[in-house]
Amino acid sequence: MDPLDFYLYFRRDRSRTGASTGSKKSSTGIIIGAAVGGSVLAILALIVGIYAFRQKKRAEDAAKRSDPFASWDSNKHSGAVPHLTGARFFSFEELKKWTNNFSETNDIGSGGYGKVYRGTLPNGELVAIKRALQGSMQGALEFKTEIELLSRVHHKNVVGLVGFCFDQAEQMLVYEYIPNGTLKDGLSGKTGIRLDWMRRLRIAIGAARGLQYLHDLVNPPIIHRDIKSNNILLDDRLNAKVADFGLSKLLGDSDRGHITTQVKGTMGYMDPEYYMTNQLTEKSDVYSFGVVLLEIVTGKIPIDKGRYIVREVKNAMDKTKDMYNLNEILDPAVRSGAAPRSLEKFVDLALKCVEEEGAKRPTMSEVVKEIENIMEIAGLNPNADSASSSATYEGANKGLNHPYTDESLFVYSGVYPPSKIEPK
């Protein structure tokens with residue numbers, strides 16, 4: 001090869017080698033830069049992720065402290081909050097749909113707490129939905145406590161809780177729908193259903209058994225605190241169901257026998273001993289139930305124009321005379337249909353329940369046994385349910401009134417007001 005050609009060839013080869021080396025160095029730099037940049041971004045992303053996770057955890061912890069429902073998965077029913085037995089969670093959208101957007105046609109009652117709507121579940125079951133007004137809502141913890149209490153109560157003579165809603169800043173309780181109104185409305189004739197003596201005895205035994213269940217079979221026991229004819233509802237067969245636990249009090253083992261508490265209840269039904277001492281016991285419910293028994297035989301409200309039903313009966317009765325000389329104050333349906341012996345024993349029981357000293361009153365278990373004896377005297381089987389639906393009863397006018405009116409289900413009297421009437 002000519003020396004000049006060799007020189008030129010050598011220079012071209014060196015040039016190609018140098019270009020190749022420079023290209024390799026440039027590529028290596030790009031790769032290293034990209035790797036370093038990616039690592040930095042990954043580290044930054046990890047830091048941001050850890051920060052976001054910690055912030056979310058702090059928010060969840062704060063929510064759990066302020067909201068006892070925060071950790072409860074309503075879809076999976078998982079977690080320890082709330083502790084429910086037989087009741088279920090309903091979303092706001094579900095209840096909105098099943099009440100036709102809470103329409104006026106489904107508005108069946110109202111009061112200081114809020115409104116009650118009739119709803120129809122997908123399976124066709126009717127329910128009564130108690131919706132709280134924004135200004136009258138309980139705290140989350142109080143609401144949780146109430147639904148836990150209600151969900152533990154399962155008895156045919158106690159209104160059952162179907163479920164609840166704690167969603168979209170709403171608080172709602174969903175009860176079974178009771179079609180025939182309150183005992184108070186039944187006694188006054190508003191429901192159009194004639195309550196003769198036999199039906200009144202069946203209502204009395206049902207209500208007594210419901211209250212006995214709360215005292216003796218629920219654990220811990222429950223003192224109702226607001227037993228009255230407005231809180232005894234009648235189903236389609238006129239079976240009695242005790243309603244409304246808005247004032248209820250749990251009776252734990254440590255305070256079994258009495259609870260010191262702010263006096264609450266309804267005027268005319270309240271235990272005078274409880275009013276004077278603030279000592280709440282099961283016997284406080286017994287006194288209120290005794291007033292209800294006197295309502296059943298007289299058809300009169302507890303306090304009317306300054307006259308107190310307990311005192312009126314005590315002043316009028318004469319045990320030496322037929323039907324204790326109470327004909328003038330007995331309800332006509334009772335006066336014409338009650339066997340004297342069964343009515344007299346019924347009045348005796350009512351007056352035992354309204355003894356001024358709680359220790360002298362019977363327990364609800366004893367009340368149930370005595371009403372069963374009275375039913376047998378009247379020729380009724382105390383263990384048989386009502387034989388027919390209310391639609392067959394004389395004067396029935398279903399749908400005329402609803403059981404969730406202003407005074408029933410959720411309206412309370414609050415603190416017992418001062419009064420010139422002494423409940424003696």
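**View 1. Helix H3 is largely enclosed by the rest of the structure, because nine of its 12 residues are buried.** This is a predicted model. H3 runs over residues 140–151. From first C-alpha to last, H3 reaches 16 Å, close to the 16 Å expected at 1.5 Å a residue. Its buried residues include the charged-type names Lys 144, Glu 146 and Glu 148. Ala 140, Phe 143, Ile 147, Leu 149, Leu 150 and Ser 151 are buried as well.

**View 2. Helix H7 is mostly covered.** How many of its residues are buried? The count is 17 of 17. H7 spans residues 282–298. Its first and last C-alpha atoms are 25 Å apart, close to the 24 Å expected at 1.5 Å a residue.

**View 3. The two ends of H7 show local detail.** At the start of the helix, a side-chain oxygen of Thr 281 comes to within 3.0 Å of the backbone nitrogen of Lys 283. Just after the helix, Gly 299 adopts a positive phi of about 75 degrees.

**View 4. The largest nonpolar core holds 63 residues.** Which members touch the most others? They are Phe 289, Phe 346 and Ile 371. Several helices and two strands each supply at least two residues to this core. Among the helices are H4 (183–188), H8 (309–316), H10 (340–353) and H11 (364–377). The strands are S8 (232–234) and S9 (240–242). Helix H5 (197–216) is another supplier, and H5 gives the most, with 10 residues.

**View 5. Phe 289 has contacts from elsewhere in the sequence.** Neighbours within four places in sequence are left aside here. Phe 289 is in contact with Ala 204, Ala 207, Ala 208 and Leu 211. Ile 227 is also in contact with Phe 289. So are Met 364, Val 367 and Ile 371. Ile 371 is, like Phe 289, one of the three core members that touch the most others.

**View 6. Residues 30–53 carry a UniProt annotation, "transmembrane region".** The annotation comes from an unreviewed entry. In the model, this span is 100% helix and 0% strand. Its end C-alpha atoms lie 34 Å apart.

**View 7. Two cysteines are buried, Cys 165 and Cys 353.** Cys 165 counts as buried because its relative accessibility is 0%. Cys 353 is also at 0% relative accessibility, and therefore counts as buried. How many disulfides does the structure hold? It holds zero.

Terms used:
Residues are numbered from 1 along each chain as its sequence is written. This is a predicted model: local features need pLDDT of at least 70, side-chain atom pairs count only at pLDDT 80 or more; totals for chains, interfaces and linings use all residues. Side-chain values use heavy atoms; hydrogens and water are left out. A nonpolar core is a set of buried Ala, Val, Leu, Ile, Met, Phe, Trp, Tyr and Cys residues joined through side-chain atoms within 4.5 Å. Buried means under 20% relative accessible area, exposed over 50%, partly exposed in between (1.4 Å probe, protein chains only). Helices (H or I, at least four residues) and strands (E, at least two) are DSSP runs, numbered from the N terminus. Contact means heavy atoms within 4.5 Å. UniProt positions are given in the numbering used here, feature names are shortened, and annotations may be inferred rather than shown by experiment. The expected span of a helix is 1.5 Å times one less than its number of residues. A polar contact is a pair of N or O atoms within 3.5 Å; within protein, one must be able to donate a hydrogen and the other to accept it, and residues adjacent in sequence count only if both atoms are side-chain atoms. A disulfide is a pair of cysteine sulfur atoms within 2.5 Å.
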